[in-house]
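Visitor: I'd love a close look at a single part of this protein, with some sense of how that part sits in the rest. Could you walk me through one helix?

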Amino acid sequence: MKKPTRVVIVGGTHGNEWTGIQIVRHYQDYLKNKFPKLVLEFIFANPVAHEENSRFKDEDLNRAFQYLDEKRTSYEHIRAHEIKAIIEREPCLVLDLHTTTSAMGNSLIVTRYNSLNLSLCAKLSQQFPDCRVIGAPDPKLKFLASQSEFGLILEVGPVANSVVDAVPLESTLALIEQILEAMSDSQIVSGNCVELYEETQDVYYPQGEKGELNGYIHSGFQGKNFHLLNGKFVPFMTFQKESIEMKIDEDLYPIFINEAAYYPQKLAFTLCRKKSISY
Ligand SMILES: [Zn+2]
């Protein structure tokens, strides 16, 4: 397999995640000059949502790609078609830049398991001690990064929405540079394996009869992304100060604890299974 020399870097898929937007706005020339062997293209994915300073205008662009065959009129549906057409012009690696309000450090989310995607993840997790790999297999190809066989989501946090913070901004840039460095070599190193956290179960907030929030993340659980859980643990506290316990029968690891964007769905965190995947 030959690596593509074209890399499409996408910022602002979510309009209120300002880090990726600044990368696309301010670092194009810097990256093009630093990596002359590569053909770099940049997309500002959702400028209308950014004008409104919101995650999306009509629907979540980073879920909209599963509906490409449907007749829809939403702004994000139109953008999904336009972005897909750009990605498909030539073979490429897609890097989709996101941030999270959850204290997850630097994460790479891989949605299609193949040698190039997994070897990039392995390389980055060796180079950045706090860079973890999350596996989110995407059979419906709903994510923007899944629109090419080769693609990764960069998910850096914690940072509040609509804020530019030095640490996530500089970390995102450093991750991009390492990926582009690796893409500048023509060889794909295979025959190794990478350790990843594969999403396995979503956990929702305690809710009342009308779906209203009845509790919050327990102080002892806040910020515990990627911490090993097995047996009983206490993820929630009710507003009446009662602890809510959960029990699991295997080693699992929580991610996206208290992510702001998931409150509308009442999604509190996601549990992952640690796996070693060969490539
Ligand atoms: Zn995002």
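Guide: Happily! Let's take α5, where Leu 116, Asn 117, Leu 118, Ser 119, Leu 120, Cys 121, Ala 122 and Leu 124 are buried. Please keep in mind that this is a predicted model. What lies over those buried residues of α5? The cover includes the strands β4 (105–110), β5 (131–135), β6 (150–157), β7 (193–204) and β11 (267–278), along with the helix α6 (166–184).

The length of α5 can be checked too. The helix runs over residues 115–127, and at 1.5 Å a residue its 13 residues should span 18 Å; the end C-alpha atoms are 18 Å apart, so the two values agree.

One of the elements covering α5, helix α6, has another helix to deal with. The axes of α1 (residues 18–26) and α6 come within 10 Å and cross at roughly 55°. That angle falls outside the 65 to 115 degrees that count as roughly perpendicular and is not under 35 degrees, which makes α1 oblique to α6. On the α1 side the contact is made by Thr 19, Gly 20, Gln 22 and Ile 23, and on the α6 side by Pro 168, Leu 169, Thr 172 and Leu 173. The crossing is right-handed.

Now for the whole protein: it has six helices and eleven strands. Its radius of gyration is 19 Å, close to the 19 Å from the globule rule for 279 residues, so the protein is as compact as a globular protein of that length. Buried residues make up 41% of the 279. Of the contacts with a separation of 6 or more, 73% are between residues 24 or more positions apart.

Definitions and conventions: Residues numbered from 1 in each chain as written. Predicted model: local features only at pLDDT ≥ 70, side-chain atom pairs only at ≥ 80, totals over all residues. Helix = DSSP H or I, 4+ residues; strand = E, 2+ residues; numbered from the N terminus. Expected span 1.5 Å × (residues − 1). Buried ≥ 20, exposed ≤ 12 C-beta atoms within 10 Å, placed from the backbone. Contact = placed C-beta atoms within 7 Å. Rg over C-alpha atoms; globule rule 2.2 N^0.38 Å. Axes fitted to C-alpha atoms, helices over the stretch in contact; angles between N-to-C directions. Parallel < 35°, antiparallel > 145°, perpendicular 65-115°, else oblique. Left-handed = near helix turned anticlockwise from the far one by under 90°.
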